[in-house]
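Student: Take me on a close look at the cavity side of this model, please. I'd like to know what lines the space inside, and then what you come across as you work outward from there.

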Amino acid sequence: MRANMNLGRLSILSYFLLFSCLANGGKITTSRPFLIDSQVTDMQWVNSTLKDAKPNAKTVFVRSARGSIYRSVDDGMNWVSQRDKMVSTDEEQYQTRIQQMIFSHADPKYAVMKGYGESNWFTKNQGETYTKREFGIMNEIKLHPSQAEWILASKYEGSFPDRYLSLFLSVDFGQSWKKIVSRVFQFEWADPKIKGFNEKTIFACVRKQDAPAKKNFAEWDPNVDFVISHDFFKNSDIVVPHGNRFALHRPYWFVAAMNPEEELEVKLHVSADGGKMFKTAQFPYQLSERSYRVVDSKEGSVFVQVSHSSRDRQFANVYMSGPEGSSYTLSLRLCM
């Protein structure tokens, strides 16, 4: 019985029995087994665009189900646990569990390891060293697409029933933070390369600051708008009134806006130019639209699953768009 238990444990921990085929005179090199503490939940290859990058020396990070981080600097041939770099001797192991690995597109050396609690770990050298910083429990973190030091993060403020998310900005890679807007539901950096935008441009779903506290937790809120700011929310403009949720599938932006006259009815608004102009999605039937899910947008057309209601029944159809993502035809009909 003991032997079987050990073999079962070994089969779980030996997930990284990786086989690396290297172009080295036709020789196939097999990496050694490396034991990790639980199953792999995330694996990310760091963009090897560094000037001193060497062949077969791509950096790859792995996060386990227990929140441990492992790093390889030789295409996955050898691995090193990052715990010793991230934890001090007087800390318990659970205090360094990582919930999410966030890597910068602006600089391949920059990354943030988001913890489950108040601690997050920042690296500027692809994990050679980490700096631990605490700024409360962050709900979501977004790194800027072209400024490696700039970060947006949201965290909860207030108390029940008026508890809400506020958006904070750091321009020094997490050393200091400034609150730029309150009552945020979603947020995202805009593409600064788009004409009319700049590096400070941000999209967000924001609740009106003077709106009364919500009496219930309905999914849709008529006091939330999809807005844009070009100056870190010193000023902002409404892009889609009552826009409660958005999804980014580049180059498309999708915004679901509720009908303030009918709480459960929503309309889809689509931008095919990075967020400069939004059009209301046109579907072929006059059916009440309840929710949306973008199924695919990789091949130029967009496939959207729409949940409908008609009289006393609810159902979902899949629609396909043209190149602008705003006009749709029925692609898959639900069989009743």
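Tutor: The largest cavity has a volume of about 40 Å³, where volume means the space filled by probe spheres set on grid points joined across faces, edges and corners. A cavity here is a set of points on a 1 Å grid over the protein atoms alone where a 1.4 Å probe fits but cannot get out, and a lining residue has an atom within 4 Å of a point. With a floor of 30 Å³, the count comes to one cavity. Bear in mind that this is a predicted model: local features need pLDDT of at least 70 and side-chain atom pairs pLDDT 80 or more, while totals for chains, interfaces and linings use all residues. Numbering runs from 1 along each chain as its sequence is written, and side-chain values use heavy atoms, with hydrogens and water left out.

Who sits around that space? The lining is made up of G67, S68, I69, R83, M86, T96 and I98. By class, that gives three nonpolar, three polar and one charged (nonpolar: Ala, Val, Leu, Ile, Met, Phe, Trp, Tyr, Cys and Pro; charged: Asp, Glu, Lys and Arg; polar: the others, Gly among them).

From I98 in the lining you can step onto strand 7, which spans 98-103 (strands are DSSP E runs of at least two residues, numbered from the N terminus). Strand 7 begins an open sheet of four strands, in the order 7-8-9-10 with antiparallel pairing (a pair needs at least two DSSP bridges). Strand 7 is an edge strand, and so is strand 10 (131-134), each pairing on one side only. At the strand 10 end, strand 9 (residues 119-123) pairs with strand 10 in the antiparallel sense over four bridges, and N120 stands opposite R133 in strand 10.

Strand 7 also takes you to the largest pocket, where it supplies at least two lining residues, as do strand 3 (40-45), strand 11 (140-143) and strand 15 (184-189). This pocket, an open set with protein on both sides within 12 Å along at least five of seven lines, has a volume of about 510 Å³. It is lined by 24 residues, and the closest to its centre are I102, F103, S104, H105 and L143. The lining divides into 12 nonpolar, seven polar and five charged residues.

Strand 11 brings us to charge pairing. The whole structure holds 11 salt bridges (a Lys or Arg side-chain nitrogen within 4 Å of an Asp or Glu carboxyl oxygen). One of them joins K142 and E140 at 3.3 Å, N to O, and E188 is linked with both in a network of salt bridges. K142 counts as buried at 19% relative accessibility, whereas E140, at 27%, is partly exposed (buried is under 20%, exposed over 50%, partly exposed in between, with a 1.4 Å probe and protein chains only).

Another pair goes back towards the sheet: E149 and K124 meet at 3.2 Å, N to O. E149 lies in the loop between strand 11 and strand 12 (151-159) and K124 in the loop between strand 9 and strand 10, so this bridge ties together parts 25 residues apart in sequence. Both ends are partly exposed, E149 at 23% and K124 at 37%. D191 and K193 form a salt bridge as well, with the closest N and O atoms 3.2 Å apart, and K193 is exposed at 73%.
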